[in-house]
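Trainee: Could we go through some of the labels people put on a model like this one? I'd like to see where each comes from.

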2 protein chains.
Amino acid sequence: MPLAHGRHLVSIPGPSVVPDRVLSAMHRAMPNIYEGALVDTSESVLADLPGIALTKGQAFLAIANGHGAWEMALTNTLSRGDKVLVLESGRFAIGWGEMGQVLGLEVEVLASAGPGEPVDPAAVEAKLREDANHEIKAVLIVQVDTASGVWNDIQAIRKAIDAADHPALYMVDCIASLGCMEYRMDDWGADVTVGGSQKGLMVPPGLGLIWASAKALAAHKTAGLRTAYWDWTARMKEGAHYLRYCGTPPIQHIYAMREAIDMIQEEGLENIWARHLVFADTVRAAIDAWSTPNGLQFYVSKPDHRSNSTTSVRTGGIDAARLRAICEKQAGLTLGIGLGDDEGTTFRIGHMGHLNPPMVLGTLATIEASLTAMEAPMAGSGIAAAAKTLAPGLKADQVPAGQVNGFRP
Amino acid sequence: MPLAHGRHLVSIPGPSVVPDRVLSAMHRAMPNIYEGALVDTSESVLADLPGIALTKGQAFLAIANGHGAWEMALTNTLSRGDKVLVLESGRFAIGWGEMGQVLGLEVEVLASAGPGEPVDPAAVEAKLREDANHEIKAVLIVQVDTASGVWNDIQAIRKAIDAADHPALYMVDCIASLGCMEYRMDDWGADVTVGGSQKGLMVPPGLGLIWASAKALAAHKTAGLRTAYWDWTARMKEGAHYLRYCGTPPIQHIYAMREAIDMIQEEGLENIWARHLVFADTVRAAIDAWSTPNGLQFYVSKPDHRSNSTTSVRTGGIDAARLRAICEKQAGLTLGIGLGDDEGTTFRIGHMGHLNPPMVLGTLATIEASLTAMEAPMAGSGIAAAAKTLAPGLKADQVPAGQVNGFRP
């Protein structure tokens, strides 16, 4: 007799909860794909996307997931045999580098100090200074590593590249951070930004997003890895709209992305970042309160490098897979899985995108109830600490005394 | 910058959260209304409805809300000038009686001991014994009063009626309890049961439900208040399907009700009642922990008479309307309003229907955060107590050690 009979909640680091507005926008019959509303909507999405990454660069939308967007980034800017430096802070930059190896790139990995540790700008500067002949053509990094929950300081790494006076393209994977955490592509000097539709952008999986700077577009001209499907030049050509997507456009996803961008514009990026900070602090307060030496612990030891969009939690002697199973089967809450060897001893809480206090607090309270049911060690009530931490974010002073109208049924 | 950007949650005592399955069932084009799938579905709904109220009686579905169902109950069984006894335990039986007055019935109200107090079976027995000439033709009661959150013991009142050896029809409003709390129409000797689609039955407002016993159907034959729209005889006639609804059938609602009944049958009534008990105990644990003499207090003083579907909370010196406004505007959570004169000093938490632990606990944690933000007095953390109270309901012993498959992206 599980209690899991209400609306199922996914609190994983993407795909995240899709707003009803976005789902409704996708519920439509096939339109005219040659001209008219669909084409106008598609062009408006492509015109508005640079505002999401805060760039004057060129945006591309591909029918693909994040892995496809990685490939679009690499194939449009690099050639076989080019060397790339992968800045490791978890599973995901590594994965991007592995894709580069398959494509024939020479991949060097600069590891962080250990699991859950961010990329060290000083180490990046030193590594690039060693590369006196500028053999490294691109530096690859993730802003938020979805596996570890590490947040990297993209601006500091840019400064490290500049300090080394190195011309490599700076490519940033923002799949798990766009629409959640501050990112300023132009101000921070990124050359390529990679995104996916299914996390902070609140759209179902199916769209890979790329933003390219002028420098990236210049590199594109001589890139040897270009393929027919991913090719930027073909997608930028004036003419038939189907060129934008190298074939049939992703009609439902275009309408979904339009609606999601509308929602982002209505709320405002800075408000979105502030909202995610409140929720992340709320999640962190719970984990802090639960933490014991033999129980839950932050995966990321440095508080300043914990993401505001996802949090990885080590479970010590607690069976992480069983905790996830109790939450899912008995309570209707899906938590993120620990990746690879961490699966049995780590879980992840996604707190990205379409979220409000009942969702975030409901997630944490359900985890606490499940830990209680497992008789797992907890230093204190995480959910009590979480509710207290969230409270100032409600800005109660902005809400006047209630209106009473004597509602009578 | 409100945090209320996720999926809005209504935790009011109905209309409750409509499951996505039900919403999807309603999303369909107009069908053939003369024969085929719609008619079959309608007939299957009418055939299955007695199983929801646990009766062998006749079910009727009307395009109406609960007030309409009240009128259907009265007009089909009573005549102008008939006397009815209304058993008061809050706003709702009173409202039913007021409707009777408009219809020309002579309405006598037997009040409970005070606000938040249940109907007293001994007082009912005494009142009916006084009525030696059996002028009272019907006794009207609600199982759960949506305003006060009082639960009345329908079986005990039946015994009181029997003890007085009184022949009045026993009419029970189960609008706020069906699909939430145990109700056995035949075993408990009710003659008319009234329901609405929008609470424990998880369907949008728009359907009034009535179940009639053989005794009620017999009374119907001589009822003088019968109207064309509500008339049971017309609706029971063999022949064209549109007679069932006295005109155009509620097509979307028929499909919604079919899906909701499927969900109820899949879960099972006893499991549904048990799930609601766990959630109600969870809500009550929070209120118990919050309670202070100058702050929150249960509206219903007797623990045994608190509903498992909705809970009314007095707020003492705390501005209830402002609390509701903070939850709604700043956090995306709608709480139930206190009715009438109680509006400024009472709020209600609905915990009925399509609910799971993240929803219930998310509601309570958001209330706690809002109370904290208001600097309202609280004796302790209600949400910590709630999570602890819910934990055994997760039945963690039924979940084995987790499966680990080394998921790698």
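Here is a short talk about those labels.

Mentor: This is a predicted model, so local features need pLDDT of at least 70 and side-chain atom pairs count only at pLDDT 80 or more, while totals for chains, interfaces and linings use all residues. Residues are numbered from 1 along each chain as written, chains are lettered from A, and side-chain values use heavy atoms, without hydrogens and water.

Trainee: Why is A:Val194 called buried?

Mentor: Buried means under 20% relative accessible area (exposed is over 50%, partly exposed in between, with a 1.4 Å probe and protein chains only). A:Val194 has 0%, so it's buried. Its place is in strand S7 (residues 192-196) of chain A, strands being DSSP E runs of at least two residues and helices H or I runs of at least four, numbered from the N terminus.

Trainee: What does A:Val194 touch?

Mentor: Leaving out residues up to four places away in sequence, its partners include A:Trp70, A:Trp96 and A:Trp211; contact means heavy atoms within 4.5 Å.

Trainee: Why are H12(A) and H12(B) called roughly perpendicular?

Mentor: Their axes, lines fitted to C-alpha atoms over the stretch in contact, with angles from 0 to 180 degrees between N-to-C directions, cross at roughly 115° and come within 7 Å. Roughly perpendicular covers 65 to 115 degrees (under 35 is roughly parallel, over 145 roughly antiparallel, the rest oblique), so that label applies to H12(A) and H12(B).

Trainee: Which residues make the contact?

Mentor: Among them are A:Leu361, A:Ala365, B:Leu361 and B:Ala365.
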